[in-house]
Amino acid sequence: MKAFEATRYFFCKAADQLDISEELREALLMPDREIQVQVTIRRDDGRLANFVGFRVQHDHARGPMKGGLRYHQEVDLDESRALASLMTWKTAVVNLPYGGAKGGIGVDPSQFSKTEIERMTRAFVDQIHDIVGPDTDIPAPDMGTDHQVMSWFRNQWEKYHGFNPAVITGKPVEEYGAKGREEATGRGVGTLTQKLIKRLGMTPEKTRIAIQGFGNVGSHAAKFLHEGQFPIVAVSDITGTYYNEDGLNIQKLLRHKLAHPKGLLEGFDGAEHLPLDALMKLDPVDVLIPAALGGVITDDNVDTIKAKVIVEAANGPVHPGADEILNERGVTVLPDILANAGGVTVSYFEWVQNRQHYRWSLDRVRQELDHTMNEAFEDVWQMAAQHEVSLRTAAYMIGISRVKRATELAGLA
Ligand SMILES: NC(=O)C1=CN([C@@H]2O[C@H](COP(=O)(O)OP(=O)(O)OC[C@H]3O[C@@H](n4cnc5c(N)ncnc54)[C@H](OP(=O)(O)O)[C@@H]3O)[C@@H](O)[C@H]2O)C=CC1
Ligand SMILES: O=C(O)CCC(=O)C(=O)O
């Protein structure tokens, strides 16, 4: 099943609970605008290289559209469309004054030099600068992009439109970035995992966690949960799974990643090295946190998963068929549009600070992030209990209701 079809399935399941007409469903699902552009650069060796860039602007009923930029070989129009619609429901679940967008470039960034990535980013901005802006569509980091890419993006955009750091978030802290944005998605995942585990009557010290992906989100979630006394028994990156049944030394793993020339876990000696797909099947594991690509839990591998709780740090990691099976088995799934909303929440704080020309302390960012995430969790938990639906359906119900209301107030429905 393709990514947008999966998102559509989850949307419709929640829309059935809300009694939304067929025509309004179509209006809410249909993206406002989709753009596909040529991104051509000259490589360091003088050859030309061509890529395709995408930006999908899904919905702006609640405010300017917001969502990350992904540099990955699997980026295409369907994936960008799915991720943009997730952003619409996500920003609504945490009640930010935004709509949803997403985009990126279909490229494997590990195959290109830093200067090539810079040229690629600038060439992409040349193509899309007139459809993004602080009041229309505000990009941010996602897989394969970081604060450096955000900085190049802003610099190139400002060449056309003049000074305005609020055009993009996730910037370096010394260049109008918010303190705490880099850790924000992982911190939000950690905060809600802790809360969920407590709610389910489980004990942190006895709750074994496995995390797929050790990039921005996975590594910060691991750090936060490790500090909260959870044993992290396995993590993975593209070089494989690293397992220690007594719990990994996360500080040592972070130091190893920092010291590795490509930021990989390859060669880490404090763990058993297992194949990439071993992480999903580990037993015993209580909480599985997918924090890499989408579509990793499908009808084909769902039966091998032993965890009792799945926290979706990644966007769209569970396919609808697998989601139904997990629900039937009584596995609790904390959905992406709630679990990983910490990133866009602190992006919002960054945008607010940029617009006010004012800086918040790290303590204030963390305090407000924790407050926003806790409030959204309680809303979703209550909705699920009231309607006897899964946490995913409850989160979609809240997101869709808020977007529907804004659409109606604007006089469009
Ligand atoms: N960054 C953010 O603020 C937000 C991100 N997300 C979502 O979180 C997920 C991760 O994003 P982010 O951490 O930013 O991305 P990064 O690029 O920083 O990290 C991705 C990680 O996933 C690993 N990875 C890639 N493919 C596999 C695989 N097949 N098996 C195991 N590991 C793999 C990468 O390994 P390697 O380094 O070896 O390639 C890397 O460790 C994405 O789904 C993203 O949409 C959601 C909300 C906000
Ligand atoms: O920080 C943002 O604005 C968006 C982050 C993002 O792309 C996501 O939440 O999936």
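**Close-up views of the ligand 2 shell and the annotated binding site**

**View 1. Residue classes around ligand 2 in the predicted model.** The shell around ligand 2 is made up of eight polar, three charged and two nonpolar residues.

**View 2. Residues and helix lining ligand 2.** The shell counts 13 residues, of which Gly 68, Ala 140, Gly 343, Val 344 and Ser 347 come nearest to ligand 2. Helix 12, residues 342-356, supplies three residues, the largest share of this shell.

**View 3. Positions annotated as "binding site".** The annotation comes from an unreviewed UniProt entry and covers Thr 185 and Asn 216. These positions span 32 residues in sequence, but their C-alpha atoms are no more than 8.1 Å apart, so they gather at one spot.

**View 4. Surroundings of Thr 185 in helix 6.** Helix 6 runs over residues 181-199 and contains Thr 185. Thr 185 is buried, because 28 other C-beta atoms lie within 10 Å and 20 are enough for that class. Apart from neighbours within four places in sequence, the contacts of Thr 185 are Asn 216, Val 217, His 220, Asn 340, Gly 342 and Gly 343. Among these, Gly 343 is also one of the residues that come nearest to ligand 2.

**View 5. Surroundings of Asn 216 in helix 7.** Asn 216 belongs to helix 7, which covers residues 216-227. With 23 other C-beta atoms within 10 Å, Asn 216 is buried. Leaving out neighbours within four places in sequence, Asn 216 is in contact with Glu 182 and with Thr 185, the other position covered by the annotation.

Conventions. Residues numbered from 1 in each chain as written. Chains lettered and ligands numbered in written order. Predicted model: local features only at pLDDT ≥ 70, side-chain atom pairs only at ≥ 80, totals over all residues. Near = placed C-beta within 6 Å. Helix = DSSP H or I, 4+ residues; strand = E, 2+ residues; numbered from the N terminus. Nonpolar A, V, L, I, M, F, W, Y, C, P; charged D, E, K, R; others polar. UniProt positions renumbered as here; feature names shortened; annotations may be inferred. Buried ≥ 20, exposed ≤ 12 C-beta atoms within 10 Å, placed from the backbone. Contact = placed C-beta atoms within 7 Å.
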